[in-house]
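Q: Please take a close look at the pairing of charged side chains, and then follow the chain to the places around it. Explain each term where it comes up.

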Amino acid sequence: MTAVLPLLLLAVDPTGLGGAVLDHPLHESARGFTDALQCLLPGDAPVRRVPIGVTTDRLIGGVDLAATLNSRRLVAERGVLAGADRGVAVFPMAERLSTAVRVVLADVLDTGTVQVARDGIVAAHEARIVAVLLDESMDDEIVHPALADRVAFRVRVTEDADAFREVARVEGTRVREAALRLSSVSVEERWLEALCQTADAFGVDSLRAPLLALRCARAHAALAGRLLVTEDDAEAAAALVLAPRATRMPAPPPEADVAPEEMQPPPESNTPAQPAEPPQQDEAQNTPPDKDGDERTDERDVERDVERDDDAAEAGLPSSESDILRAAVTAALPPGLLAALQARLAGGAISGREGAEQSNMMRGRPRGARAGMPRGGARLHLLETLRAAAPWQRVRATATTTATTTTTTTTTPPRIAIRREDFRVRRFVEKTGTTVIFVVDASGSSALNRLSEAKGAIEMLLAESYARRDRVSLVAFRGAGTEVLLAPTRALARAKGVLAAMPGGGGTPMAHAIECAMEQALLARRAGSAPLVAMLTDGRANIARDGTPGRPGAERDAITAGRAFAALGVPALFVDTSTRGEPVARRIADAMRARYITLPAADARALSGIVKLAIGAEPLA
């Protein structure tokens with residue numbers, strides 16, 4: 001769908017509609033969209049481009065460091081969002097915004113104000129912004145739902161920058177007139193109900209979506225010069241606001257289960273026929289004239305509605321407001337959108353996610369500062385140190401002057417007094433990769449099938465590991481013990497060589513395998529990676545912890561080792577490769593608190609897909 005109409009509607013009601021998510025826009029197209037929106041907004045609307053690494057103090061405001069140090073008194077500074085009041089705030093790479101920035105932005109979109117309470121400053125600034133969120137992900141990341149839910153539109157920009165600038169030049173007068181007309185636009189209750197019913201039919205669970213659709217319908221009516229929302233306005237609102245949020249197709253209407261008159265069973269012969277009584281005749285005679293008139297009016301209304309529905313049905317048209325809007329949303333759905341959404345929801349997460357964030361004092365992406373001394377490898381954050389000391393300069397200058405007057409030695413007080421508690425050190429955040437530890441049952445006559453599945457899955461995951469910073473490890477258990485065949489690696493050539501020589505045959509030492517998986521997971525954690533254990537086995541443990549054969553003892557030891565594994569809190573998959581599913585395998589998986597999956601006919605592609613979904617899940621157990 002073209003982005004011109006959302007652009008015009010945002011200019012008509014910027015505060016009410018909140019903004020838009022632009023899917024994979026070209027740089028020039030996004031710039032043209034922003035410039036056109038700035039021209040269409042009233043007054044001298046500011047535009048602020050917010051960098052991906054913006055800190056919360058720069059976003060909401062705080063101490064103006066230069067002015068405070070020069071004047072030796074606390075001077076407040078307005079943040080980026082307050083500076084974009086009544087204008088546009090552009091967020092490139094919005095899918096990668098930090099949690100702190102998302103929280104601040106969501107609060108501003110809800111309230112239209114920025115609350116500042118830090119460094120001795122308590123203030124509130126107006127920030128009625130239009131948020132333009134640029135989704136520049138490649139497939140594995142999305143703009144956070146909390147932000148996408150607060151803006152009305154999600155569109156793919158296909159126009160070039162010159163087209164947007166031409167729209168701003170031609171439509172400027174009409175948009176300004178529509179903005180003045182907006183407060184006078186009214187809407188009938190039937191369209192309110194239709195928008196809510198349409199949102200429910202398409203699986204839009206957010207309560208903000210129908211409200212944004214209502215605002216969109218009013219803005220569309222104002223843009224068209226109308227003071228009452230019509231069917232065209234409601235259809236446009238449903239297509240622009242509800243269609244991108246759809247998660248399912250509406251259920252088909254229930255079929256009428258009423259038999260025709262000729263199919264009705266005749267009355268029984270031994271029952272005397274009762275004379276038909278004309279309904280409501282006596283009541284109508286006893287009804288006062290005014291009520292009778294009202295009843296006749298209601299009957300005429302009902303008959304008119306029935307005739308309208310019958311005419312629409314004969315013409316093949318929708319018979320109600322909800323049906324009209326459902327047809328509009330269905331027509332606006334991009335091809336393949338619902339399939340992608342349903343696959344994403346079924347997996348519970350997005351595959352290919354990078355590892356979780358973890359704090360680091362030495363390397364990674366800068367993420368503000370914290371109080372501390374610059375030692376042990378930590379680096380001093382000079383600006384934050386000065387910012388922490390700035391509010392206290394007047395007090396410290398007075399104390400220094402008092403101390404020097406009581407002594408005989410005259411000393412020049414320092415221009416900036418910095419104390420130990422003012423020191424701030426840099427804080428970094430880095431992405432931790434995921435280490436997938438395959439623990440494969442290499443015992444028995446069916447080992448060849450399971451080994452080939454594991455080999456294929458590992459090769460598929462290794463081919464994508466560079467982009468996700470994942471590592472893959474392989475542990476095989478057979479006979480009386482386990483063997484680490486492949487240490488955590490991303491080297492595809494080396495992994496293929498090890499996989500080709502992977503042995504098979506012997507007993508099933510399940511307890512040994514679980515303990516080895518624990519050791520490998522702990523090593524991955526110490527190396528700064530997030531471990532995930534994927535165990536492939538038929539569950540028929542027959543070698544105990546001490547090496548003696550026998551199923552009862554082997555199963556008992558495996559469950560004990562599984563409980564110890566669960567205490568570590570490591571996410572795990574337990575893939576049961578037996579033909580019908582083994583009850584023992586289910587008990588061991590429950591002891592490990594692992595996700596149990598029955599995959600008797602697994603191939604490498606299916607196994608690789610399950611592991612990738614598990615990498616994105618939060619949490620597995």
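A: Start with Arg165 and Asp35, which form a salt bridge whose closest N and O atoms are 3.5 Å apart. A salt bridge is a Lys or Arg side-chain nitrogen within 4 Å of a carboxyl oxygen of Asp or Glu. Arg165 belongs to helix H9 (residues 161-181) and Asp35 to helix H3 (residues 27-40), so this pair links distant parts of the chain, 130 residues apart. Helices (H or I, at least four residues) and strands (E, at least two) are DSSP runs, numbered from the N terminus. The model is predicted, and local features need pLDDT of at least 70, side-chain atom pairs 80 or more, while totals for chains, interfaces and linings use all residues. Residues are numbered from 1 along each chain as its sequence is written, and side-chain values use heavy atoms, leaving out hydrogens and water.

Next, how open are the two partners? Arg165 has a relative accessible area of 37% and is partly exposed. Asp35 is also partly exposed, at 23% relative accessibility. Buried is under 20% relative accessible area, exposed is over 50%, and partly exposed lies in between (1.4 Å probe, protein chains only).

Another salt bridge joins Asp85 to Arg128, with 3.1 Å between the closest N and O atoms. Here the partners lie in loops: Asp85 sits between helix H6 (80-83) and strand S5 (88-91), and Arg128 between strand S7 (121-126) and strand S8 (130-135). They too are distant parts of the chain, 43 residues apart. Asp85 counts as buried, with a relative accessibility of 18%. Arg128, at 22%, counts as partly exposed. Elsewhere, salt bridges that share partners connect Asp110, Asp149, Arg150 and Arg208 in one network.

The count of salt bridges comes to 15. One that leads on to the helices is the pair of Arg215 and Asp13, whose side chains meet at 3.8 Å, N to O. Arg215 lies in helix H11 (residues 208-223) and Asp13 in the loop between helix H1 (4-12) and helix H2 (14-17), so this salt bridge ties together parts that are 202 residues apart in sequence. Arg215 is partly exposed, at 38% relative accessibility. Asp13 is buried, with 8% relative accessible area.

H11, the helix that holds Arg215, also meets other helices. Its axis and that of helix H12 (residues 231-242) come within 8 Å and cross at roughly 135 degrees. This angle makes H11 oblique to H12. Axes are lines fitted to C-alpha atoms, for helices over the stretch in contact, and angles between N-to-C directions run from 0 to 180 degrees. Under 35 degrees is roughly parallel, over 145 roughly antiparallel, 65 to 115 roughly perpendicular, and the rest oblique. On the H11 side the contact (heavy atoms within 4.5 Å) is made by Ala209, Leu212, Ala213, Cys216, Ala217, His220 and Ala221. On the H12 side it is made by Asp232, Asp233, Ala234, Ala236, Ala237, Leu240, Val241 and Leu242.

Helix H10 (residues 189-201) meets H11 as well: their axes come within 9 Å and cross at roughly 135 degrees. H10 and H11 are therefore oblique to each other. Leu192, Leu195, Cys196 and Ala199 of H10 make this contact with Pro210, Ala213 and Leu214 of H11. Ala213 takes part in the contact with H12 and in the contact with H10.

Some loop residues are also worth finding in the structure. Met93 is not a glycine, yet its phi is positive, about 50 degrees. Met93 is placed in the loop between S5 and helix H7 (99-111), and its relative accessibility of 30% makes it partly exposed. Arg593, also a residue other than glycine, has a positive phi near 55 degrees. The loop of Arg593 runs between helix H23 (583-592) and strand S18 (595-598), and this residue is exposed, at 58% relative accessibility.

Last comes Thr508, in the loop between helix H20 (492-500) and helix H21 (510-526). Thr508 is buried, with 5% relative accessible area. Neighbours within four places in sequence aside, Thr508 is in contact with Asp441, Ser443, Phe477, Gly479, Arg540, Ala541, Asn542 and Ile543.
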